[in-house]
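Biologist: I would like a close look at one part of this model. Please keep to what can be computed from it.

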Amino acid sequence: MPIDIIQKYFPGLTDLQQQQFAQLDNLYREWNAKINVISRKDIDNLYEHHILHSLAIAKVINFRPTTQILDFGTGGGFPGIPLAILFPECQFRLIDGTGKKIRVAQEVCQAIGLTNCQPVHLRGEDEKGKYDFVVSRAVMSLPDLVKIVRKNISKTQRNTLPNGIICLKGGELQAETQPFRNIVELTDISTFFSEEWFKEKHVIYLPI
């Protein structure tokens, strides 16, 4: 079962969470046939490369109930949808400038009954809300991301980690983390997940 890789690292899932994760396979395959949300050759790796990858953020922070999270540049719903399944008591707003990708995220949320997740067709520059954390997956360089979303980070703290940006990135990151070298934290995803694919992939946390 494709969901086995999720249960391997997140063994305490409720029946509803297991069901929601299991439904993602068919839903993304169906939508991917109409709208190219995930590279066609990568759809068979949905659970490892997209869902589990998104959940690496949950190994860095255990969001407290009522935490407000903005997924910037979500595409078809990553990392927002897997995180919203894992943290049902938190609120997620998913934004992307590409309308057809947001439609996929909306349809997926509706199909699995995910009520704490709101995908919206919007550019980051136009987002006015305040959030505890902004999450993203390889959308743009860290300095560019900070410029756009700094305005969206709330001053009210409710988690063990101070509010800020948490993003998933691969490869060489020295140049883009250099401006923040004193405060940025890089964690290798391979410290959480043993699969080969996660080598050279990182979670970046930047308090704002």
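How much space lies in the largest pocket?

Modeller: This is a predicted model, in which local features need pLDDT of at least 70 and side-chain atom pairs count only at pLDDT 80 or more, while totals for chains, interfaces and linings use all residues. Residues are numbered from 1 along each chain as its sequence is written, and side-chain values use heavy atoms, without hydrogens or water.

The largest pocket holds about 280 Å³ (the space filled by probe spheres set on its grid points). Its lining has 19 residues, and Gly73, Thr74, Gly75, Phe78 and Arg137 are the closest to its centre. Here a pocket is an open set of points on a 1 Å grid where a 1.4 Å probe fits, with protein on both sides within 12 Å along at least five of seven lines, and a lining residue has an atom within 4 Å of a point. By class, the lining has 8 polar, 6 nonpolar and 5 charged residues (Gly counts as polar, Phe as nonpolar, Arg as charged). Helix α3 (46-55) and strand β5 (164-170) each give at least two residues to this lining, and β5 has the largest share, with 3 residues. Helices and strands are DSSP runs of at least four and at least two residues.

Elsewhere, helix α2 (residues 15-34) packs on helix α6 (residues 99-112) at an angle of about 140 degrees, and their axes are 10 Å apart (lines fitted to C-alpha atoms over the stretch in contact; angles run from 0 to 180 degrees). Among the residues that meet there (heavy atoms within 4.5 Å) are Leu24, Leu27 and Trp31 of α2 and Val104, Val108 and Ile112 of α6. That contact has 8 nonpolar, 2 polar and 2 charged residues.
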